[in-house]
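Visitor: Please take me through one part of this model in close detail. I would like to see how the sheet is put together and what packs on it.

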Amino acid sequence: MDTPSTTRTALVTGGVRGIGLAISAALARMGMQVAMNYTNSSEEKVAAAVEHVNCHRADPRPDRDGRTWAVRCDVADEQQVKSMIDEVVQRGDGLDVLVANAGIIRDNLSAFMDLADFKTVLDVNLVGAFLCAREAARVMMRQRRGRIIFVSSISGLDGNAGQANYAASKAGLVGMAKTLAKELGQRGITVNVVAPGLIDTDMTAALPAELRERYSAATSLRRLGRPEEVAAAVAFLASDAASYITGQTLRIDGGLCL
């Protein structure tokens, strides 16, 4: 894969908020064209996200040449995913980086978890990632280059009470990445995973302060992670510097696992 430039195109699912927004900005800073996927965000929020990402470019210009754009798609819908990938490929003249970041939670203890909530989380977090990776891989195989990066979670590696559905979906990404890495490596495509711990986003801000403090105290660094720290790891895996890394999972948890 050549050094990222304006001719390189990335798609970030769940790319207009939280970790996804930070990833979109980091890839734009590398000079990539960035398509930011979303599902239910308001038009105002999406427009603000596009502007935020453009402001992180090294050479921002008044028009920005449309190098950042948003594309609405339910990643659990096969036809919508196909249409989204087609749009990105046509507008971006190819697809070089896929960051499968879109995810939802429907927490409850397993004994009381509704089956619909279990399936919905797997449909978005795991099936959605598979659909995006499958369609992206078809493009990248023709190009004979590409990066696929899944955003998992330490819940998928260690488990977490009340998150049987979420943990299962995020664990599935690790196994899928290893399989895809073996299938796609000969075509110059790498497939890796980042597994963040508790990151300071608007979603985690809603957690009880006591829980946030307890989690922070359990890490070696004694704090929550920042979205930009996850984004930096993703940007590395998307770069030439990571050209010989594939099938790996990088924990970004501040030393929680030590």
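Guide: Ile148 stands opposite Val191 in strand β6. This is a predicted model. Ile148 belongs to the pairing of β5, residues 146–151, with β6, which is parallel and runs over 6 bridges. On β6, residues 189–196, 8 of the 8 residues are buried, so the strand is largely enclosed by the rest of the structure. Its side chains split two ways. Ile189, Val191, Val193 and Ala195 point one way. Thr190, Asn192, Val194 and Pro196 point the other way. Both sets are buried.

β6 also pairs with β7, residues 249–252. That pairing is parallel too, over 4 bridges. Here Val193 of β6 has Thr249 of β7 as its bridge partner.

Now the whole sheet. It is open and holds 7 strands, in the order β3-β2-β1-β4-β5-β6-β7. The pairing is parallel. β3, residues 68–72, and β7 are the edge strands, and each pairs on one side only. From one strand to the next, the twist averages 20°.

Start at the β3 edge. β2 and β3 are parallel partners over 5 bridges. Val34 stands opposite Thr68 of β3. Two helices that pack on the sheet come next. Helix α4 touches β4, β5 and β6. Its direction makes about 170° with that of β5. Helix α8, residues 227–237, touches β4, β5, β6 and β7. The direction of α8 makes about 165° with that of β6.

Move on to β1, residues 9–12. Both of its faces are covered. Thr9 and Leu11 lie on one side, Ala10 and Val12 on the other, and all four are buried. β1 pairs with β2, residues 33–38, in the parallel sense over 4 bridges. Within that pairing, Leu11 has Ala35 of β2 as its bridge partner. How does the chain get from β1 to β2? It passes through helix α1, residues 18–29, in a right-handed β-α-β crossover. β1 pairs with β4 as well, residues 97–100. This pairing is parallel, over 3 bridges. Leu11 appears here again, opposite Leu98 of β4.

Back to α4, residues 115–143. This helix packs against α6, residues 164–184, at an angle of about 15°, with the axes 8 Å apart. That angle makes the two helices roughly parallel. The crossing of α4 and α6 is right-handed. Which residues meet there? On the α4 side they include Phe118, Val121, Leu122, Leu126, Phe130 and Met141. On the α6 side they include Tyr166, Leu173, Met176, Leu180 and Leu184. Polar residues take part as well, among them Asp117 and Asn125 of α4 and Asn165, Ser169 and Lys170 of α6. Small residues are also present, including Ala129, Ala133 and Ala137 of α4 and Ala164, Ala168 and Gly172 of α6.

One more residue of α4 deserves a look: Glu135. Is it buried or exposed? Glu135 counts as buried, because its relative accessibility is 9% and the cut-off for buried is under 20%. What does Glu135 touch, leaving aside neighbours within four places in sequence? Its contacts are Val81, Lys82 and Ile85.

Notes: Residues numbered from 1 in each chain as written. Predicted model: local features only at pLDDT ≥ 70, side-chain atom pairs only at ≥ 80, totals over all residues. Heavy atoms only, no water. Buried < 20%, exposed > 50% of the residue type's maximum accessible area, 1.4 Å probe, protein only. Pairing = 2+ DSSP bridges. Right-handed = clockwise from strand over helix to strand, strands pointing away. Axes fitted to C-alpha atoms, helices over the stretch in contact; angles between N-to-C directions. Parallel < 35°, antiparallel > 145°, perpendicular 65-115°, else oblique. Left-handed = near helix turned anticlockwise from the far one by under 90°. Contact = heavy atoms within 4.5 Å.
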